[in-house]
Amino acid sequence: RMPKAKNWLRHGESKEVLTAAGLKVSIRQMRGVYYCGCPEWRLSLEPVGEKSCGCLREFLGAEYDGWRVKNPLVCGAGGDGHKVPKYATNHLSVKLRAPPVMLAQKWTEGGDYTGWWVSEKLDGVRAWWDGKRLISRLGNTYPAPAWFTKDLPADTALDGELFGGRGTFQFSVAVAKGFKGDDAWHQLTFNLFDAPELKLDWEGRLRYMEDHLGEAKALQSVRVLPQQRCRGREHLMEELRKVEKMGGEGLMLRQPRSPYVARRTDVLLKVKTFQDYEAKVVGHQEGKGNLTGLTGALLCELPNGVRFTVGSGMTDRERRRPPSVGTIITFRFFEINESGAPRFPTYVGIRADAKWPPDSPWPP
């Protein structure tokens, strides 16, 4: 039986409360899931819908909050019988088994990739379609509206990227995590790059996607990522320059006739002029000069304990409300200095559905 909540919020509502230490933070409710800006909630490693903190226990009541985190699929009802609207019942909090995704290795500049398949490397959010829902790499469901997934097959798993366009990484993350509402999903597409469970080689899986979900079908939210054959190093570098000039991240190389391998593998390679990696925020440095009153840089730590600062790449808005301590971020860099830290790191954004430590070793 669901206990009665001491207080509750409707979908999209928020309220400022005080932590036990007197810090003013905001509580909000989205699709039946309660979020809090306090350090305890942000640093929790539980799935989003199962996170709790002293602020939520005080606001909702300890009994209701304890029931809420144990029943994430049905917690969209307020303690007084208030129901969230039907469009708000697709919970980001549902935790499923992590899908067996394939991860790419870094390409070798001296290699010959003639005949390999080339596609653009999208700077979006990785997503796996299991026939019913879109799932993240760690097994969290994305709150995609029913109209967004209506054209996807019920009997075939698909691997792809939720993508809002070049240079919109943070926006894509916010939409995928449910922070922008259902209408914002109109600005995303699900870009397919594999059908993992089909017992076919790469070309057979690509042909399946193009036949069933390709351009000829004119689907609203689904797109098969264009592929072309690599004609040699000069062609590969030309395509890389073209993509980067348009603001893209890089390219992906796929070995011909390769299987889908559920691990990091050299049959799938990423091609970029820069590198990226993940780090944990462990502190903030105050800004100086034009940045007085803002965050000047993030103090970050790599999995091996090496610390460095990331000052470039953040907007003024992000400097006013920087990622909190414990948050995992993505940064870009070009090389590593003698101390083992990245040179000229640039902030990209908060890492969606982050795993710590990352799967890939440092240095990448």
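Two strands are taken to pair if DSSP finds at least two bridges between them. In the predicted model described here, strand S15 (residues 295–301) meets this condition with S16, the two being joined by four bridges in the antiparallel sense. Within this pair, Leu 298 has Val 310 of S16 as its bridge partner. Both strands belong to an open sheet of five strands, ordered S16-S15-S14-S17-S20 and paired in antiparallel fashion. Strand S16 (307–310) and strand S20 (346–350) form the edges of this sheet, each pairing on one side only. From one strand to the next, the twist averages 45°.

A second open sheet, also of five strands, follows the order S4-S13-S12-S5-S11, and its pairing is mixed. Here the edge positions are taken by strand S4 (103–106) and strand S11 (228–229); each has a single partner strand, so one side of each is left without a neighbour in the sheet. Strand S5 (residues 117–121) is joined to S11 by two bridges in the antiparallel sense, with Arg 229 of S11 as the bridge partner of Trp 117. Helix H6 (residues 202–213) packs on this sheet, where it touches S5, S11 and strand S12 (250–254). The direction of H6 makes about 55° with that of S5. Helix H7 (residues 233–245) lies across S5, S11, S12 and S13, and runs at about 140° to S12.

Towards the N terminus, strand S1 (residues 14–18) and strand S2 (residues 24–30) run antiparallel and are joined by five bridges. One of the residues involved is Ser 14, whose bridge partner in S2 is Arg 28. The two strands form a hairpin with five residues between them. In the turn, Gly 22 has a positive phi of about 85°.

The loop between strand S13 (264–271) and strand S14 (275–286) contains Lys 272. This loop thus links a strand of the mixed sheet to a strand of the antiparallel sheet. Lys 272 has a relative accessible area of 13% and is therefore buried, the limit for burial being under 20%. Its side chain makes a polar contact with the side chain of Asp 276, at 2.8 Å. Not counting residues up to four places away in sequence, Lys 272 touches Trp 107, Lys 121, Leu 240, Glu 244, Glu 249 and Gly 250. Among these residues, Lys 121 falls in S5, Leu 240 and Glu 244 in H7, and Gly 250 in S12.

Val 69 lies in helix H3 (residues 62–70) and is also buried, because its relative accessible area is 18%. Leaving aside neighbours within four places in sequence, Val 69 is in contact with Gly 49, Glu 50, Lys 51 and Ser 52. Val 69 and Val 282 are separated by 213 residues in sequence and by 27 Å in space, C-alpha to C-alpha.

Over its full length, the chain has eight helices and 20 strands. The C-alpha trace spans about 65 × 55 × 30 Å along its principal axes. The radius of gyration of the chain is 22 Å, which agrees with the value near 21 Å for a compact globule of 364 residues. Of the 364 residues, 53% count as buried. Among contacts between residues at least 6 apart in sequence, 64% join residues at least 24 apart. The chain exposes about 18300 Å², and carbon and sulfur atoms supply 49% of this area.

Terms used:
Residues numbered from 1 in each chain as written. Predicted model: local features only at pLDDT ≥ 70, side-chain atom pairs only at ≥ 80, totals over all residues. Heavy atoms only, no water. Buried < 20%, exposed > 50% of the residue type's maximum accessible area, 1.4 Å probe, protein only. Polar contact = N/O pair within 3.5 Å; in protein donor to acceptor, adjacent residues only side chain to side chain. Contact = heavy atoms within 4.5 Å. Axes fitted to C-alpha atoms, helices over the stretch in contact; angles between N-to-C directions. Rg over C-alpha atoms; globule rule 2.2 N^0.38 Å. Areas by Shrake-Rupley, 256 points an atom, 1.4 Å probe, with all protein chains shown as cover.
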